[in-house]
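Please find below my comments on the model you sent, arranged as numbered points. I have tried to keep to what can be read from the coordinates themselves.

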Amino acid sequence: MICSESQTHGQAKMDKNEFLQHDQNNGSSATDKTIIRYQHPSKFLGKKVVLVIGGGFAGMATAKKLANRHDVYVILIDERNHHLFQPLLYQVATAGLSPGDIAVPIRAQFKKTKNIEVHKICVTEIDLDKKIVRVADREIEFDFVVVACGAQHSYFANPEWEEFAPGLKTLEQATEIRRRILSAFEKAESEFDANRQRAFMTFVIVGGGPTGVEMAGAISDISRTVLVHDFKRIDPSQAKVILLEAGPRLLATFSEDLSKHTLMDLHELGVEVRTSARVTHIDKYGLQVGNEFIPSRTKIWAAGVQATKMTFKPEVSKDRSGRVLVSKDLSIPNYPFAFVVGDMGACEISPGKFIPGVAPAALQLGKHAANVIIATIRNKNRPSFVYRDRGQMATVGKNRAVAQAGSIKMTGHIAWLAWLFIHVFFLISFKNRTAVLAQWAWNYIFSKRGARLITEKGWKLKQR
């Protein structure tokens, strides 16, 4: 039935009080109204509903493996609307790449896939007994659930440090770190007090893993090759970059000889490396390391990580890092329809050794969870997960990197080229690969970083 113009206008009339009442009755708060149980129509067509929580490497791998199947319907949920290539976040943080170069809209990846729908919402609880997830005032039923929410930084019971030393897990954090690094040079240029100027030009990275090493090398590189001719009063090449590691050596998961090679590369780049250096306090003005206070206005956290917090009902077993302990097929014990993959899951591959939190592992885990779901639907045996170690690598600067895959080790220019092409290969779209290659070529040939933009954390009308 088609409404007349007068009817349409009449139905659209609503005063402010009516709107507010309607909004309160249908808004996001679930404290004072009935929870709505949602059962996807696909269940009535004989399809199994698979809920995938998280659009990272593992979640995307699960969804892609189940794409275009006639017997399943996938609901993919993430708090953000984009899939992020986290290994290159440090390039955004040091102005080598723009945010759009390493992120793609999740929805765009499945626009031609009929059995996958995407929602930008936050899951508050997973009820394993009732086979539902709670999202604000909604309960969504599922037949299978794959939890792949990733990891976040751990400040070792000092969450107040995050304000002064942000981690590097999201685009927001990367652009904030970029803002702090570039702003530090700008403030140093306008600072007349020598001590304050030195504090602005001292950059401290906490954590000697791949992220910390890459950040330290990149900051040293940008100060020596990119910014060196941009200022008149200061010499950016004299910036002090300090890398702190609480353990006895850098890159603890790499072989000792590659760790030593990395240390040598960082020294040649002018980075001051301190091992067995435990941070005990961080504030606006600097860091306390043992008996020494290091004045620094720009601190970056690249140390501990922990699994993203998720509420399960009933509670599930977790390790000290908050990862859910899973069975050999990646399911939660006693709940064969629920899987935890990626950085959130703890799957033991040998006594005391767990699958590392790297992108190649997450891709394998996500695909395996999908394969187990398919096998279950077909009433076939559920395969156990077999981890294939694709190796690990870290770049230290232009033409400097280390790589290790089993007994194979690479350093220098060859390792750097391998790092470059492998990272481009893992980018999710052709557009991103093209943009990243073009930007890297520009940076390499001309020592330019075109993303040197200082953006504010928020916006509002300025009152002068």
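The points that follow go from the overall fold to charged pairs and then to backbone details.

1. The model is a predicted one, and the comments should be read with that in mind. Its secondary structure consists of 12 helices and 29 strands. The radius of gyration is 25 Å, close to the 23 Å that the globule rule gives for 464 residues, so the protein is as compact as a globular protein of that length. The C-alpha trace spans about 75 × 65 × 45 Å along the principal axes.

2. On packing and surface, buried residues account for 49% of the 464 residues. Among contacts with a separation of 6 or more, 66% are between residues 24 or more positions apart. The accessible surface comes to about 24000 Å², and carbon and sulfur atoms contribute 53% of that area.

3. As for charge, the protein carries 63 positive and 45 negative side chains, and the centres of these two sets lie 5 Å apart. Side chains of opposite charge can pair when their charged atoms come close. A search of the whole structure returns 18 salt bridges, and the next points take up some of them.

4. Which parts of the chain does the pair of Glu172 and Arg80 link? The two side chains form a salt bridge with an N to O distance of 3.5 Å. Glu172 belongs to helix α6 (residues 171-189), while Arg80 sits in the loop between β3 (72-78) and β4 (82-84), so that distant parts of the chain, 92 residues apart, are linked by the pair. Glu172 is partly exposed, at a relative accessible area of 44%, and Arg80 is likewise partly exposed, at 31%.

5. Are Glu125 and Arg134 buried or exposed? Both residues are buried, and their side chains meet in a salt bridge with an N to O distance of 2.3 Å. A colleague examining this region should view the pair in context, since salt bridges that share partners join Glu125, Asp127, Arg134 and Glu139 into one network.

6. A further salt bridge connects Arg382 with Asp329, where the closest N and O atoms are 2.9 Å apart. This pair too links distant parts of the chain, 53 residues apart: Arg382 lies in the loop between α10 (359-377) and β27 (392-397), and Asp329 lies in the loop between β21 (324-325) and β22 (331-332). Arg382 is partly exposed, with a relative accessible area of 27%, whereas Asp329 is buried, with a relative accessible area of 11%.

7. Turning to the backbone, most residues other than glycine have a negative phi, and most peptide bonds are trans. The peptide bond from Lys313 to Pro314, however, is cis, with omega near -5°, and Pro314 is placed in the loop between β20 (312-313) and β21.

8. Where does Lys131, which has a positive phi of about 60° although it is not a glycine, lie in the chain? Lys131 is in the loop between β7 (125-127) and β8 (132-135), and at 28% relative accessibility it counts as partly exposed.

9. Leu330 also has a positive phi, near 80°, in a residue other than glycine. Leu330 is found in the loop between β21 and β22, and this residue is buried, with a relative accessible area of 0%.

Terms used
Residues numbered from 1 in each chain as written. Predicted model: local features only at pLDDT ≥ 70, side-chain atom pairs only at ≥ 80, totals over all residues. Heavy atoms only, no water. Helix = DSSP H or I, 4+ residues; strand = E, 2+ residues; numbered from the N terminus. Rg over C-alpha atoms; globule rule 2.2 N^0.38 Å. Buried < 20%, exposed > 50% of the residue type's maximum accessible area, 1.4 Å probe, protein only. Contact = heavy atoms within 4.5 Å. Areas by Shrake-Rupley, 256 points an atom, 1.4 Å probe, with all protein chains shown as cover. Lys, Arg positive; Asp, Glu negative; His and termini not counted. Charge placed at Lys NZ, Arg CZ, Asp CG, Glu CD. Salt bridge = Lys/Arg side-chain N within 4 Å of Asp/Glu carboxyl O.
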